[in-house]
Amino acid sequence: MRVLVAMSGGVDSSVAAARAVEAGHEVVGVHLALHKDAQQTRERARGCCSLEDSADARRICDKLGVPFYVWDFSEEFKEEVIGDFVDSYARGETPNPCLRCNEKIKFAALLRKGMALGFDAVATGHYATLDDEGYMRRSLDENKDQSYVLGVITAEELAHCYFPIGDTPKPHIREEAARHGFSTASKPDSYDICFIPDGNTQAFLGKRIGLRPGMIVDQDGTELKEHDGAWNYTIGQRKGLDIRVPAADGRPRYVTDINAQTGVVTVGAKEDLAVKEIHADRLKFLHPAMDGELECQVQVRAHGSVVSCSAVVDREADQMTLRLHEPLQGVARGQAAVLYLPSPDELGDIVLGSGTICATA
């Protein structure tokens, strides 16, 4: 099998490439150049995709004796990920850019190019597994499971995916990399948003969206203070509100709703964050069980809680309603709701598919 390995320059993709070679596949490594002005080192760029990462990926491929290429997806990334991120915040949503990058770039765009060049599959260092029927399961390392951020790909894309390390705990992956003599064995994991290297999301959004003054109000509509833009806030936010008027009960306030059209940001008590019903569209189907009425589990953040729910999925209308068996807090429009079936065997839970949250109640 001809396998195209997406090489991020980290330890996970390094071991994924090594395992693909050991399995006897014809392997080619490719690093995705996502930024025209990529930072030189991780000291300046806390996310992935620095020039240092590209060099590390090349060294791993040289050590494995496989071809290595750098593919420029910077224009697609700028439009599909950065543009979507800014537009989503401008609509009062809270997007996950890493999830969108997986959906639009690391699988859709990469697979299109890979398949056109005759590759059979794309392998990545994500922590997820595939069962004998080709359905996605959670990683066996629950602490590193990344099935949530993969829940937005399509079934057609999944049919050409290969996750070589999803059955192994992260500490063992580092040990395996060390045995290979990989320089990435002790390399820290990437974190934060790669296109905001200084971590200042508000400054990044402010430059692109601009001032859009509005009002922060209490649950009863009482005006508390003016703000410069609703994009400064996210559902569940507590810090940085700078409200000088204390709540009547003296308890902390949290952002409970954002209306980007009117500029009104509503705050309230922690219990006001409770969500019992989720509506989602832009559905992605990874398993035939995601259809009609079903009992399943839902996760709404990469490392968030998982709760049971009663789902009603309308494939034709491209929407679903999830009635949660216990409330979740901090659920925001723009997040992904990924559905799971509890595992019937020793493998991880089955990933059914996902939708983008468009409303809550």
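**Entry 1: G348**

I started at G348, which counts as buried because its relative accessibility is 9% (buried is under 20% relative accessible area, exposed is over 50%, and partly exposed is in between, with a 1.4 Å probe and protein chains only). G348 belongs to the loop between strand 16 (336-341) and strand 17 (350-360). Helices (H or I, at least four residues) and strands (E, at least two) are DSSP runs, numbered from the N terminus.

I then looked up what G348 touches, with contact meaning heavy atoms within 4.5 Å. Leaving aside neighbours within four places in sequence, G348 is in contact with R137, R138, L140 and S343. I also checked E142: it is 206 residues from G348 in sequence, yet the two are 8.7 Å apart in space, C-alpha to C-alpha.

Two notes to self on the model. It is predicted, so I keep in mind that local features need pLDDT of at least 70 and side-chain atom pairs count only at pLDDT 80 or more, while totals for chains, interfaces and linings use all residues. Residues are numbered from 1 along each chain as its sequence is written, and side-chain values use heavy atoms, with hydrogens and water left out.

**Entry 2: V152**

Next I went to V152, in the loop between helix 5 (147-150) and helix 6 (155-158). Is V152 buried or exposed? V152 is buried, with a relative accessible area of 4%. Apart from its neighbours within four places in sequence, V152 is in contact with L99, E103, K284, A336 and S354. I tried S13 too: V152 and S13 are 139 residues apart in sequence and 20 Å apart in space, C-alpha to C-alpha.

**Entry 3: R91**

R91 sits in the loop between helix 3 (74-90) and helix 4 (97-116). R91 counts as partly exposed, because its relative accessibility is 43%. The C-alpha atoms of R91 and W231 are separated by 8.2 Å, with these positions 140 residues apart along the chain.

**Entry 4: strands**

I looked up a sheet next. It is an open one of five strands in the order 3-2-1-4-7, and the pairing is parallel. Strand 3 (68-72) and strand 7 (161-162) are at the edges with a single partner strand each, so one side of each has no neighbour in the sheet. Two strands pair if DSSP finds at least two bridges between them. Strand 1 (residues 2-6) and strand 2 (residues 26-33) pair in the parallel sense over five bridges, and R2 stands opposite E26 in strand 2.

Then I found an antiparallel pair: strand 10 (residues 254-259) and strand 11 (residues 264-268), joined over five bridges. V255 has V267 in strand 11 as its bridge partner. The two strands, 10 and 11, form a hairpin with four residues between them, and G263 in the turn has a positive phi of about 80°.

**Entry 5: the whole protein**

Last, I zoomed out. I count eight helices and 17 strands in the protein. The C-alpha atoms fill a box of roughly 65 × 45 × 35 Å, taken along the principal axes. Buried residues make up 51% of the 361 residues. Of the contacts with a separation of 6 or more, 65% come from residues 24 or more positions apart.
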